[in-house]
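Here are some notes for a colleague who is opening this structure for the first time. They are meant to be read with the sequence and the model side by side.

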Amino acid sequence: MKIFSKILIANRGEIAVRIMRTCREMGIASVAVYSEFDRDALHVRLADQAVPIGGAQAKESYLNIEKIIAAARLTGADAIHPGYGFLAENAAFAAACEDAGIVFIGPRADVIRALGSKSEARKLTQEAGVPVVPTPAENEFPKLIKASLGGGGRGMRIVRNAAEFKEAFSAARGEAERAFGDGALLVEKYIEAARHVEIQIFGDHHGGVMHLFERDCSVQRRHQKIIEESPSPAVTPEIRNRMTDAAIALARKVGYTNAGTVEFLLAPSGDFYFIEVNTRIQVEHPVTEMVTALDLIRLQIEIEQGGKLPAEQPQQTGHAIEARLYAEDPANDFLPSTGTLHMWRPPQPSDGLRIDSGVNEQDEIGVYYDPLLAKVIAYADDRESAIRRLTYALRNFAAQGVQTNREFLIAMLESEEFKSGKAHTGFKLAVSTKVDEELDGLFCSVVRTYIERTEHARRRILPSIPPRFRNNPTPPPATKFAVGKREYQVGDSLGTIDTLSVGEDHVDALVKGVRHRFGICRRGADYYVRSSLGQQLVRRLPRFPEKTAGGQHQSANSPMPGQVLRILVAEGQQVKPGDGLIVLEAMKMEQTIKATIQGVVRAVLVKPAEVVAPGQMLVEIEAVEDANEHASSTAAKH
Ligand code: ADP
């Protein structure tokens with residue numbers, strides 16, 4: 001048996017971090033590779049060594065076979081783990097590793113190739129005596145059109161009648177060509193109200209094959225999984241036996257080695273049909289780990305070291321559910337959301353709660369990669385308890401700065417369909433857009449208190465404040481706020497709070513007689529507030545918007561991520577175009593942010609050394625034609 005001393009992980013994000021954890025536990029050094037965009041990413045920091053492999057785009061970096069093999073050579077890695085996505089199901093990559101004398105932790109290249117095509121896999125499956133989704137007769141509907149080399153639910157089309165077919169077919173072909181470089185399509189009978197149930201399989205290099213039971217991944221959005229569990233609430237012991245037998249038969253037929261997943265659709269009748277094999281570790285593997293108490297990454301590594309599968313069939317105990325927390329906007333058709341992760345406070349993990357994540361607070365969430373932020377996995381003796389544990393964890397997961405699907409996941413877990421175990425792949429939960437004005441108002445009150453007690457107070461006493469500032473009167477408290485698209489004004493019916501104490505990052509207050517802690521994180525005019533009542537972004541609005549008759553407001557925003565080096569102006573100061581406002585350090589250079597209009601500085605929204613995000617408001621300037629006239633009009637107003 002060979003023992004690896006170093007493994008290169010050809011991936012990023014949570015799965016790279018996850019694989020490193022097992023490497024550490026096995027006493028194996030890990031090597032990360034990273035794109036330019038990821039140079040400060042968590043997976044790079046946690047690895048023993050790291051090798052840069054190029055630009056921000058996947059094509060230049062995590063898909064670059066040559067560079068990754070060169071990185072393995074450079075660091076003397078014995079093996080490469082591909083994770084999922086990127087090169088994980090790329091037969092050429094598996095072959096290139098082998099040619100370079102580096103072990104590929106996954107199935108053999110020929111098996112990846114054969115099973116990578118859905119049509120080829122269908123043939124092999126039928127030969128193994130396993131039922132596949134029927135091919136519909138010409139006038140039989142609904143049909144499903146999918147790309148033979150497809151993945152991630154992309155390019156699939158449901159066709160409900162003959163009139164739609166032709167157009168859908170050619171559209172699907174074009175999409176398949178563009179997305180997968182091959183226009184080959186597959187037409188299947190569309191199984192209504194089906195569940196997605198998959199079997200985890202493993203094979204070793206001694207002819208051993210085993211299964212690790214099922215995962216139910218029926219809760220999907222655009223054919224993409226978002227909640228997964230094991231066991232499946234729809235699988236009886238009898239179905240489980242038939243399905244695992246089918247998966248094992250296919251594994252034996254192709255001489256499967258390492259980890260794989262055989263995916264089936266389970267019809268309401270109890271019949272099931274093969275759809276595809278994923279020849280890699282899956283995103284949702286943690287639910288299997290929790291119900292079997294096995295480490296699947298360790299199994300993968302041990303198999304390639306020449307180890308044998310356990311002699312006895314593992315047991316399936318308890319119930320595990322995983323929810324995928326994505327940076328995406330449910331209110332905007334679930335499009336990926338980008339920005340800075342200003343607030344990132346996952347709940348405390350425990351025996352029954354696991355959090356797999358690859359991000360840090362303040363990370364930029366870009367457009368280049370998958371928007372998965374974290375997987376939250378709960379385990380308990382029974383399904384109901386696991387649901388409760390997961391829901392509670394998601395409620396207490398502070399993730400702000402980008403839009404996330406967190407509340408959507410909670411709503412899904414609390415829906416009757418899910419709770420009763422009846423949610424199938426066609427189930428769509430309507431996105432709730434309900435607004436809780438009382439809660440919003442409460443958060444605005446909290447922010448107002450925070451501003452009064454910290455920022456205004458600090459300005460009066462801090463010696464680093466520009467000298468002329470001290471001569472200015474304390475600015476009046478902020479009174480206008482926005483939560484989402486709604487505006488709130490103090491004096492309206494903002495919720496009343498009884499403040500107990502205020503700190504740099506929190507306000508403790510009594511709300512209707514109950515003590516609450518509101519965690520606060522300020523980014524310019526944005527205040528991220530979190531508490532057990534919920535989390536919200538409260539934006540402080542300019543103080544004098546009604547006085548802009550003839551004048552206008554300008555906010556100087558940060559053009560890029562950086563750090564505030566110096567503040568060149570104070571509130572009340574007159575500025576003209578070209579005057580320096582703030583000096584930032586960004587991209588290792590000093591950048592002076594300048595005024596572009598003539599006016600008066602109304603607010604300086606950052607402090608020295610503060611880290612700022614692109615687009616963040618730094619200074620608020622009110623335009624005035626004649627600053628003297630303005631000063632008198634302001635005086636008259638107050
Ligand atoms: P991909 O490789 O793009 O993920 P799959 O073939 O694995 O595509 O299918 C993804 C999802 O699409 C399934 O989980 C299921 O929800 C749906 N699906 C696929 N084939 C069918 C079918 N024949 N009938 C009904 N739903 C299907």
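The points below go from the chain as a whole to single residues, strands, aromatic rings and the ligand.

1. A word on the source comes first: this is a predicted model, and every value in this note is to be read with that in mind. The protein chain contains 15 helices and 37 strands, and buried residues make up 55% of its 638 residues. If one takes the contacts in the protein chain with a separation of 6 or more, 65% of them are between residues 24 or more positions apart.

2. The aromatic rings deserve a careful look, and the count of aromatic pairs comes to 14. One of these pairs is formed by F264 and F274, whose rings meet edge-to-face, with 6.5 Å from centre to centre and 80 degrees between the planes. F264 belongs to strand β12 (residues 258-266) and F274 to strand β13 (residues 272-278), and the pair, with its members 10 residues apart, links distant parts of the chain. Both F264 and F274 are buried.

3. A further edge-to-face pair is that of F334 and F408, where the centres are 4.9 Å apart and the planes make an angle of 70 degrees. Since F334 lies in the loop between β15 (328-329) and β16 (335-336), while F408 is in helix α12 (residues 406-414), the pair ties together parts that are 74 residues apart in sequence. Are the two rings in this pair on buried or exposed residues? F334 has a relative accessibility of 11% and therefore counts as buried, the cut-off being under 20%; F408, with a relative accessible area of 9%, is buried as well.

4. Aromatic residues also appear in other arrangements. F37, Y62, F86, Y368 and Y369 form one aromatic cluster. In addition, K143 lies over the face of F141, at 3.9 Å from the ring centre, and R383 is placed over the face of F418, at 4.6 Å from the ring centre.

5. Strand β12 also holds N258, a residue that may be worth displaying with its surroundings. With a relative accessibility of 0%, N258 counts as buried. Which side chains make polar contacts with the side chain of N258? One is the side chain of Q300, at 3.0 Å, and another is the side chain of E304, at 2.8 Å. When neighbours within four places in sequence are left aside, the residues in contact with N258 are I105, G106, P107, I201, F202, G203, Q300, I303 and E304.

6. P314 offers an example from a loop, namely the one between α10 (296-304) and β14 (319-326). At 11% relative accessibility, P314 counts as buried. Its C-alpha atom is separated by 6.4 Å from that of T292, although the two residues are 22 residues apart along the chain. Leaving aside neighbours within four places in sequence, P314 is in contact with M210, L212, F213 and L294.

7. For the strands, β29 (residues 534-540) is a helpful place to start, and strand β23 (residues 480-483) is joined to it in the antiparallel sense by three bridges. Within that pairing, A482 stands opposite R539 of β29. Strand β28 (residues 526-531) also pairs with β29, again antiparallel, and here the pairing extends over six bridges. Y527 has V538 in β29 as its bridge partner, and β28 and β29 together form a hairpin with two residues between them.

8. Another antiparallel pairing is that of strand β35 (residues 599-604) with β37, which are joined by five bridges. In this pairing A603 stands opposite E620 in β37. Strand β37 (residues 617-623) is mostly covered, as six of its seven residues are buried.

9. The last point concerns the ligand, which has 21 residues around it, and of these K118, G153, H196, Q220 and E276 come nearest. Some polar distances can be followed in the model: a polar side-chain atom of K146 lies 2.9 Å from an oxygen atom of the ligand, and a polar backbone atom of K189 is 2.9 Å from a nitrogen atom of the ligand. For H223, an N or O atom in the side chain is 3.4 Å from an oxygen atom of the ligand.

How values were computed. Residues are numbered from 1 along each chain as its sequence is written. Side-chain values use heavy atoms; hydrogens and water are left out. Rings of Phe, Tyr and Trp (its six-membered ring) pair if their centres lie within 6.5 Å; planes under 30 degrees apart count as stacked, over 60 as edge-to-face and the rest as tilted. Helices (H or I, at least four residues) and strands (E, at least two) are DSSP runs, numbered from the N terminus. Buried means under 20% relative accessible area, exposed over 50%, partly exposed in between (1.4 Å probe, protein chains only). A charge sits over a ring if NZ of Lys or CZ of Arg is within 6 Å of the ring centre and within 35 degrees of the ring normal. A polar contact is a pair of N or O atoms within 3.5 Å; within protein, one must be able to donate a hydrogen and the other to accept it, and residues adjacent in sequence count only if both atoms are side-chain atoms. Contact means heavy atoms within 4.5 Å. Two strands pair if DSSP finds at least two bridges between them. A residue is near a molecule or strand if one of its heavy atoms lies within 4 Å of it.
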